[in-house]
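Hi,

Here is the structure I said I would pass on. Have a look at it first, and my notes follow underneath.

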Amino acid sequence: MDSDGSHPPRDSDEWANPEFCAFCSENLRDGGAGFMEHIESAETCEARFEA
């Protein structure tokens with residue numbers, strides 16, 4: 001994670017950080033259940049996840 005709390009750039013070694021949504025970079029409450037909760041409420045991320 002960047003020092004400002006934002007998602008790292010896609011070409012960064014830290015990009016796969018489970019603390020953030022890989023689709024929109026939103027900070028998640030946790031990398032497991034938090035991601036599933038997020039895609040249930042974020043239609044664009046849900047569509048990208050299912051694709």
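Is cysteine 21 buried or exposed? Cysteine 21 is buried, because its relative accessible area is 0%. Keep in mind while reading that this is a predicted model, so everything below is computed from predicted coordinates.

**The overall layout**

The chain has 2 helices and 0 strands. Of its 51 residues, 24% are buried. If you take the contacts between residues at least 6 apart in sequence, 6% of them join residues at least 24 apart.

**The cysteines**

Back to cysteine 21, which sits in the segment before H1. You may wonder how many disulfides there are. The count comes to 0 disulfides. As a reminder, a disulfide is a covalent bond between the sulfur atoms of two cysteines. The cut-off used here for that pair of sulfur atoms is 2.5 Å. For cysteine 21, the closest cysteine sulfur belongs to cysteine 45 and is 3.7 Å away, so it is too far for a bond. Cysteine 24 tells a similar story: its closest cysteine sulfur is also in cysteine 45, at 3.7 Å, and therefore too far for a bond. In terms of burial, cysteine 24 counts as partly exposed because its relative accessibility is 38%.

**Histidine 38 and what surrounds it**

Histidine 38 is the residue I would click on next. You will find it in helix H1, which covers residues 33-41. With a relative accessibility of 6%, histidine 38 counts as buried. What does histidine 38 touch, leaving aside its neighbours within four places in sequence? Its contacts are Cys21, Cys24, Glu26, Leu28 and Cys45, so the cysteines discussed above turn up again around this side of H1's histidine. The C-alpha atoms of cysteine 21 and histidine 38 are separated by 8.0 Å, while the two residues are 17 residues apart along the chain.

**The phenylalanines**

The structure holds 2 aromatic pairs. In one of them, phenylalanine 23 and phenylalanine 35 have ring centres 6.4 Å apart and planes at 40°, so the pair is tilted. Because phenylalanine 23 lies in the segment before H1 and phenylalanine 35 in helix H1, the pair ties together parts that are 12 residues apart in sequence. Phenylalanine 23 counts as partly exposed at 27% relative accessibility, whereas phenylalanine 35 counts as buried at 14%.

Phenylalanine 35 also pairs with phenylalanine 49, and that pair is edge-to-face, at 5.3 Å centre to centre with 70° between the planes. Here the partners are in helix H1 and in helix H2 (residues 43-50), so this pair ties together parts that are 14 residues apart in sequence. Phenylalanine 49 is partly exposed, with a relative accessible area of 41%. Through these ring pairs, Phe23, Phe35 and Phe49 are linked into a cluster.

**How H1 and H2 sit together**

Which residues of H1 are buried? They are Gly34, Phe35, His38 and Ile39. Looking down the axis of H1, you see them fall within an arc of 130°, so they line one face of the helix. Turned away from that buried side is a face carrying the exposed residues Glu40 and Ser41.

H2 is included in what covers the buried residues of H1. The axes of the two helices, H1 and H2, come within 5 Å and cross at roughly 115°. That makes H1 roughly perpendicular to H2. On the H1 side, Phe35, Met36, His38, Ile39 and Ser41 take part in the meeting; on the H2 side, the residues are Glu43, Cys45, Glu46 and Phe49.

**One backbone detail**

Most residues other than glycine have a negative phi. With that in mind, take a look at serine 25, where phi is near 70°, a positive value in a residue other than glycine. Serine 25 is placed in the segment before H1, and it counts as partly exposed at 34% relative accessibility.

Cheers

Technical notes:
Residues are numbered from 1 along each chain as its sequence is written. This is a predicted model: local features need pLDDT of at least 70, side-chain atom pairs count only at pLDDT 80 or more; totals for chains, interfaces and linings use all residues. Side-chain values use heavy atoms; hydrogens and water are left out. Helices (H or I, at least four residues) and strands (E, at least two) are DSSP runs, numbered from the N terminus. Buried means under 20% relative accessible area, exposed over 50%, partly exposed in between (1.4 Å probe, protein chains only). Contact means heavy atoms within 4.5 Å. Rings of Phe, Tyr and Trp (its six-membered ring) pair if their centres lie within 6.5 Å; planes under 30 degrees apart count as stacked, over 60 as edge-to-face and the rest as tilted. The arc is that of the directions from the helix axis to the C-beta atoms. Axes are lines fitted to C-alpha atoms, for helices over the stretch in contact, and angles run from 0 to 180 degrees between N-to-C directions. Angles under 35 degrees count as roughly parallel, over 145 as roughly antiparallel, 65 to 115 as roughly perpendicular and the rest as oblique.
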